[in-house]
Amino acid sequence: MPARYFVNRCLSSIPNAGQPISAEWIQQTIAAIVPPLSAARQTKDDCDGGIYVGLSGIAYGLWYAAGQLPNEQRTPVLAEARTLSEFHMKNRSNKRDEESMFLLGNAGLYAVSALIRSAMDDAEGSRQMVERYAACADSILPLDYLPKGGDEILVGRAGYLFGLLNLRLKLNTAVISDDKLRAVLKSVVDSGRAYAKKRRFKCPLMYSYHGAEYLGAAHGLAGILQSLISFPEQLHTVDAEAFNDVRASVDWLLGLQTANGNFPPAVDDIGTAPNDDELVHWCHGAPGVVQLLARAFLVWKDAKYLAACRSCCELIWQKGLLKKGPGVCHGVAGNGYAFLLLYQLTGEEMYLDRARVFAEFLDTQEFVNGARTPDAPLSLYEGWAGTLCYFADLSQPSKAEFPLFPVIF
């Protein structure tokens, strides 16, 4: 089977291989991506898939990039973002079980709309969206919420926690009380304990999604644990052992890191030999787990987590120029975010240089001719809206954050 990635031709090159990525190049690239996103088709079909592949995700990309545009360009881009967001809101799902989903349901739409409205000085409209987001919390508290998997990022409680984190950081609002937040955290911890006990795992917390025990960021353990340690103060108060159980689970997952720096995508894959067909994606593999490990390093100050982050990034440098497309879930930009994260953690220019190399590769004929076209080519997680966020973050690397899943410094 052909390799999933392009050969990185800078592996043995001289230092500063990414220097062609200048401030002017970044601005020109952003300016080229914004118009097709602003003109995204607006039909009901384009409202499927939440902010993951729907119009509100494109709106988020425009909102995020607007912060890097000159003042005279910022307002019209925000207006286009609001147009896409509001169309999606009018055509959102009316299914009750999708109301509280973050990436694939209505909760994510409320969060994005709140951010856009705030940026356009619509304080009352933003407040209304925040209230809608807050109202979703009660429905996710029961342990049987979404029996086939109610804890992961796309549809479950971990996703809701990340949406909450975004609103708290970007709008400086509590959204829900600490008591309610503690209740959500307790549901995630209790759910993980119950499943781990049922399946007799040595790991204190374990989860399944549609029958699979995933370990990566999108559907699995890494993303769920990262959501929990994004609220360490409240996690401490869940019960006497919650914080320790989370750290023990992080360490259990860390123990699965392979010799080349990767992580198996699911429990069933533990022990399989790494090869050119292994997954090196944000959704499954080192590029997503590195975010959990970075957060663990910031919380517990243990050098083993930083060492593991470095191993992740060495693998991504070798196998991270993915052929699946430009996006952040399983594409080149998503893997480039790992280097921006390590640059923030260490201050080492090598990682910023590597992030620039990945950006530059997206502009090459090799990528244009050899990469697959995603099913949703303009979208936030598969396509150019998420990549737009990556380019915007190259102009502010000390503030960079993977779209909607920040690692708190």
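His330 is in contact with Tyr52, His281, Cys283, Leu322, Lys324 and Glu382, once its neighbours within four places in sequence are left aside. This residue sits in the loop between α13 and α14, and it counts as buried, because its relative accessibility of 17% falls under the 20% cut-off. Keep in mind as you look around that this is a predicted model.

**The annotated site**

- His330 has company in the record: UniProt, in an unreviewed entry, lists Cys283, Cys329 and His330 under "binding site".
- These three are spread over 48 residues of sequence, yet they cluster in space, with a largest C-alpha distance of 6.5 Å.
- Cys329 is placed in the loop between α13 (303-319) and α14 (332-346).
- Is Cys329 buried or exposed? With a relative accessible area of 3%, Cys329 is buried, because buried means under 20%.
- Not counting residues up to four places away in sequence, Cys329 touches Tyr52, His281, Trp282, Cys283 and Tyr381.
- Try finding Tyr52, His281 and Cys283 in the structure: they are among the residues that Cys329 touches, and they are also among the contacts of His330.

**Helices α3 and α4**

- Helix α3 covers residues 55-66 and helix α4 covers residues 71-90; they pack at an angle of about 160°, with their axes 8 Å apart.
- How are α3 and α4 oriented to each other? They are roughly antiparallel, because angles over 145 degrees count that way.
- The crossing in which α3 passes α4 is left-handed.
- On the α3 side, the contact is made by Leu55, Ser56, Ile58, Ala59, Leu62, Trp63 and Ala66.
- On the α4 side, it is made by Arg74, Val77, Leu78, Glu80, Ala81, Leu84, Ser85, Phe87 and His88.
- Sorted by class, the residues of the contact of α3 with α4 come out as 11 nonpolar, 3 polar and 2 charged.

**Ser113, a residue of helix α5**

- Ser113 is part of helix α5, which spans residues 106-119.
- With a relative accessibility of 1%, Ser113 counts as buried.
- Ser113 is in contact with Ser85 and Met129, leaving aside its neighbours within four places in sequence.
- You have already met Ser85, one of the α4 residues that make the contact with α3.

**Helices α7 and α9**

- The axes of helix α7 (residues 157-171) and helix α9 (residues 221-229) come within 9 Å and cross at roughly 40°.
- This makes α7 and α9 oblique to each other, because roughly parallel applies to angles under 35 degrees.
- α7 passes α9 in a left-handed crossing.
- Ala158, Leu161 and Phe162 of α7 make the contact with Gly223, Ile224, Gln226 and Ser227 of α9.
- By class, this contact of α7 with α9 holds 4 nonpolar, 3 polar and no charged residues.

**Two backbone angles to look up**

- Asp121 is not a glycine, although it has a positive phi of about 65°.
- You can find Asp121 in the loop between α5 and α6 (123-135).
- Asp121 counts as exposed, with 72% relative accessibility, because exposed means over 50%.
- Val175, which is not a glycine either, has a positive phi of about 70°.
- The place of Val175 is the loop between α7 and α8 (178-199).
- Is Val175 buried or exposed? At 17% relative accessibility, Val175 counts as buried.

Note on methods: Residues numbered from 1 in each chain as written. Predicted model: local features only at pLDDT ≥ 70, side-chain atom pairs only at ≥ 80, totals over all residues. Heavy atoms only, no water. UniProt positions renumbered as here; feature names shortened; annotations may be inferred. Helix = DSSP H or I, 4+ residues; strand = E, 2+ residues; numbered from the N terminus. Buried < 20%, exposed > 50% of the residue type's maximum accessible area, 1.4 Å probe, protein only. Contact = heavy atoms within 4.5 Å. Axes fitted to C-alpha atoms, helices over the stretch in contact; angles between N-to-C directions. Parallel < 35°, antiparallel > 145°, perpendicular 65-115°, else oblique. Left-handed = near helix turned anticlockwise from the far one by under 90°. Nonpolar A, V, L, I, M, F, W, Y, C, P; charged D, E, K, R; others polar.
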